[in-house]
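Please load the model in your viewer and keep a selection panel open. The tour moves from one selection to the next and says what is found at each stop.

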Amino acid sequence: MQENPELREVGGWFEIEGTWRGGDRYGSGHINQTYVSEFDRAGAVVRYVHQAINQEIFQDVPGLMRNLHRVTSHLRTSASQSESSGRWEVPALVPTREGTFWHRDDAGVCWRTFAFIEGSRTYDVAPGPDIAREAARGFGRFARELADLDPSELVESIPRFHDLEGRLARLRGASVEDPVGRAATVERELEAVWTRVEVADEFRRLWDAGDLPVRVAHNDTKVNNALIDDETGRVVAIIDLDTVMPGTLLFDYGDLVRTATCRAAEDERDLAAVAVDPGLFGAVTQGFIEQVGSVATSAELEHLLLGARFMTLIIGVRFLTDYLEGDRYFRTSRPDQNLDRARTQLALLRSIETSAESLEEEIWDSRRALQGRS
Ligand code: ADP
Ligand code: GN1
Ligand code: MG
C-alpha cells in the first residue's frame with residue numbers, strides 16, 4: 001500500500017491516532033470514491049475508510065451527514081439492547097479534528113472517515129444461498145431496528161429517489177432529446193420499458209390508498225452493501241447509508257431480490273445467464289421475512305413481489321437513461337456498460353414475471369413458517 005500519498009493529508013483531518021503508512025482505492029461502489037488507509041499504532045496496523053462524497057448526487061452534505069449520524073446513533077442503541085449475541089457492528093464515523101463529521105478540502109470536496117470493519121467482505125454476486133440469506137437477514141434486521149425511528153426526522157438525501165413515474169418521464173425525455181445520439185440503438189429496450197409502466201400504476205394505487213407505511217428505509221440494499229464475516233459467513237454490518245431516508249419496505253426487499261437472487265453480474269452480457277435463481281430467492285425471502293416479520297404489515301408482506309418488479313424496473317430505467325445521457329451518473333469502466341446493466345435488469349424483470357407464481361408461493365411459505373414459529 002504505497003499509492004495515493006495525498007491520502008496522508010486526508011487522514012490528518014480526522015481524529016486518528018498513529019502514523020499513516022499508505023492507502024489505496026477500494027471497493028466497487030458506483031457513486032462515491034472510496035479509499036482505505038493504514039495507520040501504524042504502537043506496532044499494530046489499524047485501517048480506516050475515507051470517502052469523497054459525490055456532491056453532484058448528494059447536494060445537501062450537511063443534511064446527509066446529519067441523517068447518517070441520526071441513523072447510526074439509533075442503530076447503536078438498538079444493538080446494545082438486542083439479546084442476540086453474534087457479531088453485529090454499526091458503521092462508526094470518525095470525527096474530524098474540528099469535532100465535525102466531514103471535512104471540506106480546498107477544492108471543495110467533502111470527505112468523511114469510518115472505522116474499517118475488519119474480518120469481513122462484500123460480494124457483488126451472492127455465491128450461494130447462505131450468503132444471500134445472511135445479506136437479507138442483515139437488511140431485514142436493519143429495517144426492524146429502525147422501525148421506531150420517525151422517518152420525518154431524516155431529510156431526503158436524494159429527492160424523489162424512487163419515484164418511478166419521475167424516472168420514466170426522464171427516460172422519455174432522454175430518448176426524445178437523444179443528447180449523445182444513442183437512442184436508435186435502444187429501441188427494443190425502450191419498448192420493453194413502455195410495456196411495463198403498469199408497475200408504476202400498481203405501486204401508485206397502493207401508495208395513494210395509504211396501504212404502505214412510510215418507513216426509514218435503506219433504499220440501496222444491494223447485496224454488496226452487506227458486510228459478511230470472513231470466518232462465520234454471518235452478516236456483520238450494513239453499510240452505504242447515504243440513502244437511508246423515508247421509503248417503503250418494498251424498496252428494500254425489492255433491491256435485495258434484484259441483486260442477491262441472480263447468479264449473473266449486474267453488467268453480464270450473456271443474457272441467457274440472467275434469471276432469478278429459485279434457491280437464492282428462497283434464501284433471501286426467508287432471511288428477510290424472518291427479520292421483519294414482527295414489524296411488517298400484512299399489506300407490505302402481500303406486495304413484496306411488486307417491490308422486486310418495481311426496483312428491477314426502476315434501476316433498469318436509470319441505467320438506460322444514463323446510457324442515453326452519456327454515462328454521467330453511474331461510474332463505468334468500459335463502453336456500453338450502462339447499456340449492458342440496463343439489459344440485465346430488463347432480462348431479470350422478465351424472469352421475475354415468468355416465475356411470479358412460484359415466487360409468490362415461496363413468499364407465502366416464508367410467511368407461514370414465521371407464523372408457525374410464533
Ligand atoms: P458506494 O456508495 O460507492 O457504493 P460504499 O459506502 O458502499 O460506497 O463503500 C464502497 C465499498 O467500501 C464497500 O462495498 C465496502 O467494500 C467498503 N467499505 C465501506 N465502508 C466500510 C467499512 N466501514 N468497513 C469495511 N469496508 C467498508
Ligand atoms: C448505486 O452506491 P451503490 O453502488 O451501492 C446507486 C443505487 C443503484 C445501484 C445500482 C446513490 O448504488 O441507487 O441501485 O448503484 N446509488 C445511488 O447498482 O444512486
Ligand atoms: Mg455501496
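What follows is a sequence of selections, each with a short description.

This is a predicted model, in which local features need pLDDT of at least 70 and side-chain atom pairs count only at pLDDT 80 or more, while totals for chains, interfaces and linings use all residues. Residues are numbered from 1 along each chain as its sequence is written, chains are lettered from A and ligands numbered from 1 in the order in which they are written, and side-chain values use heavy atoms, with hydrogens and water left out.

**Stop 1: the magnesium ion**

Select ligand 3, the magnesium ion, whose protein donors are Asn225 through OD1 and Asp240 through OD, lying 2.2 Å from the ion. Donors here are N, O and S atoms within 2.8 Å of the metal (3.2 Å for Na, K and Ca), and water is not among the atoms, so sites may look incomplete. The pair links distant parts of the chain, 15 residues apart: Asn225 is in the loop between β7 (215–217) and β8 (226–229), and Asp240 is in the loop between β9 (235–238) and β10 (245–247). Helices (H or I, at least four residues) and strands (E, at least two) are DSSP runs, numbered from the N terminus. Asn225 is buried, with a relative accessible area of 5%, whereas Asp240 counts as partly exposed at 29%; buried means under 20% relative accessible area, exposed over 50%, and partly exposed in between, with a 1.4 Å probe and protein chains only.

**Stop 2: ligand 1**

Now select ligand 1 and the 19 residues around it, of which Asn32, Gln51, Ile117, Asn225 and Asp240 come nearest; a residue belongs to this set if one of its heavy atoms lies within 4 Å of the molecule. For backbone N or O atoms, look at Asn32, where such an atom lies 3.1 Å from an oxygen atom of the ligand, and at Ile31, where the distance to an oxygen atom of the ligand is 3.5 Å. At Ala115, a backbone N or O atom lies 3.2 Å from a nitrogen atom of ligand 1.

**Stop 3: Ala226**

Move to Ala226 in strand β8, which is buried with a relative accessible area of 0%. Leaving aside residues up to four places away in sequence, Ala226 touches Arg121, Thr122, Ala135, Phe139, Val235, Ala237 and Ile238, where contact means heavy atoms within 4.5 Å.

**Stop 4: Asp163**

Which backbone nitrogens does the side chain of Asp163 reach? Select Asp163 in the loop between α3 (129–145) and α4 (164–177), and its side chain will be found 3.2 Å from the backbone nitrogen of Glu165 and 2.9 Å from that of Gly166. Asp163 is buried, with a relative accessible area of 16%.

**Stop 5: helix α12**

Select residues 356–373, the 18 residues of helix α12, whose end C-alpha atoms are 26 Å apart, in agreement with the 26 Å expected at 1.5 Å a residue; the expected span is 1.5 Å times one less than the number of residues. Within α12, Leu359, Ile363, Ser366, Arg367 and Leu370 are buried, and seen down the axis the buried residues fall within an arc of 95°, so they line one face of the helix. The arc is that of the directions from the helix axis to the C-beta atoms. On the other side of α12, Glu357, Glu361, Gln371 and Gly372 are exposed. Elements covering the buried residues of α12 include α7 (249–260), α8 (278–292), α9 (298–302), α10 (304–324) and α11 (337–354).

Technical notes
A polar contact is a pair of N or O atoms within 3.5 Å; within protein, one must be able to donate a hydrogen and the other to accept it, and residues adjacent in sequence count only if both atoms are side-chain atoms.
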